[in-house]
Amino acid sequence: MGCGKATKGPWSVAKFDGNTVVQAEPVLAHGFPGKVSWNIAIVMGTPGGRDKQANARMMAAAPDLLAALEAVEWQGSMFKDLEGKPYTTCPACRRAKVEGHAPGCLIGNALAKARGEV
Ligand SMILES: [Zn+2]
């Protein structure tokens with residue numbers, strides 16, 4: 001149910017026209033000399049919250065966090081099924097991949113949100 005593929009990471013926090021932005025890694029783009037950094041988001045904070053930089057860092061970390069969660073998603077404890085075939089589980093909810101994540105699983109919920117499945 002995803003709505004496309006996100007811009008490839010890594011992303012970084014930068015200043016652009018006085019705004020705090022999250023940028024994609026610079027790439028060669030048709031019609032532009034050299035590599036160009038694309039702004040993915042202009043980041044806001046809550047009034048007086050001084051949280052703009054923290055929000056920007058969290059957004060910029062998203063591709064890395066997604067990759068980290070995908071790397072560990074089914075790398076929990078190792079078990080063997082009734083036929084002796086080994087399988088691993090989600091380290092958060094302890095369910096096997098064939099069962100899918102338990103409702104409320106932190107890893108399952110975060111990945112579903114990132115993949116546009118919720
Ligand atoms: Zn899980």
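In this predicted model, Ser12 has Gln23 of β2 as its bridge partner, and this pair belongs to a strand pairing in which β1 and β2 run antiparallel and are joined by six bridges. The two strands form a hairpin with two residues between them, and within the turn Asp17 adopts a positive phi of about 50 degrees.

A further pairing involves β2 and β5, which also run antiparallel and are joined by three bridges; here Val21 is matched with Ile42 of β5 as its bridge partner. The two pairings are set side by side below.

| Strand pair | Direction | Bridges | A bridge partner pair |
|---|---|---|---|
| β1 and β2 | antiparallel | six | Ser12 and Gln23 |
| β2 and β5 | antiparallel | three | Val21 and Ile42 |

Taken together, these strands make an open, antiparallel sheet of three strands in the order β1-β2-β5. Because β1 (11–16) and β5 (39–42) stand at the edges and each has a single partner strand, one side of each is left without a neighbour in the sheet. Direction ignored, neighbouring strands of this sheet are turned by 35 degrees against each other on average.

The helix α1 lies across β1, β2 and β5, and it runs at about 140 degrees to β1. The largest nonpolar core consists of six residues, namely Trp11, Val21, Val22, Val43, Ala56 and Ala60, and the elements that give two or more residues to this core are β2 (19–24) and α1 (52–72). Within this core, Ala56 can be followed in some detail: leaving aside residues up to four places away in sequence, Ala56 touches Val13, Thr20, Val22 and Val43, of which Val22 and Val43 are themselves listed as members of the core.

At the level of the whole protein chain, there are two helices and seven strands, and from the N terminus on the elements run β-β-β-β-β-α-β-β-α. The domain assignment divides the protein chain into domain 1 (8–64) and domain 2 (73–118), and the centres of these two domains, taken over C-alpha atoms, are separated by 32 Å.

The overall dimensions can be described in several ways. The radius of gyration of the protein chain is 19 Å, whereas a compact globule of 118 residues would have a value near 13 Å. Taken along the principal axes, the C-alpha atoms fill a box of roughly 60 × 40 × 25 Å. Buried residues make up 9% of the 118 residues in the protein chain, and, among contacts with a separation of 6 or more, 27% are accounted for by residues 24 or more positions apart.

A last position to consider is Asp81, which is found in the loop between β6 (78–80) and β7 (86–88). Asp81 has 10 other C-beta atoms within 10 Å and is therefore classed as exposed, the limit for that class being 12 or fewer. Measuring from C-alpha to C-alpha, Asp81 and Ala6 are 36 Å apart in space, while 75 residues separate the two in sequence.

Conventions: Residues are numbered from 1 along each chain as its sequence is written. This is a predicted model: local features need pLDDT of at least 70, side-chain atom pairs count only at pLDDT 80 or more; totals for chains, interfaces and linings use all residues. Domain bounds come from an automatic or database domain assignment. Helices (H or I, at least four residues) and strands (E, at least two) are DSSP runs, numbered from the N terminus. The radius of gyration is taken over C-alpha atoms; the globule rule is 2.2 Å times the number of residues to the power 0.38. A residue is buried if 20 or more other C-beta atoms lie within 10 Å of its own, exposed if 12 or fewer, and partly exposed in between; C-beta atoms are placed from the backbone. Two residues are in contact if their C-beta atoms, placed from the backbone, lie within 7 Å. A nonpolar core is a set of buried Ala, Val, Leu, Ile, Met, Phe, Trp, Tyr and Cys residues joined through C-beta atoms within 7 Å. Two strands pair if DSSP finds at least two bridges between them. Axes are lines fitted to C-alpha atoms, for helices over the stretch in contact, and angles run from 0 to 180 degrees between N-to-C directions.
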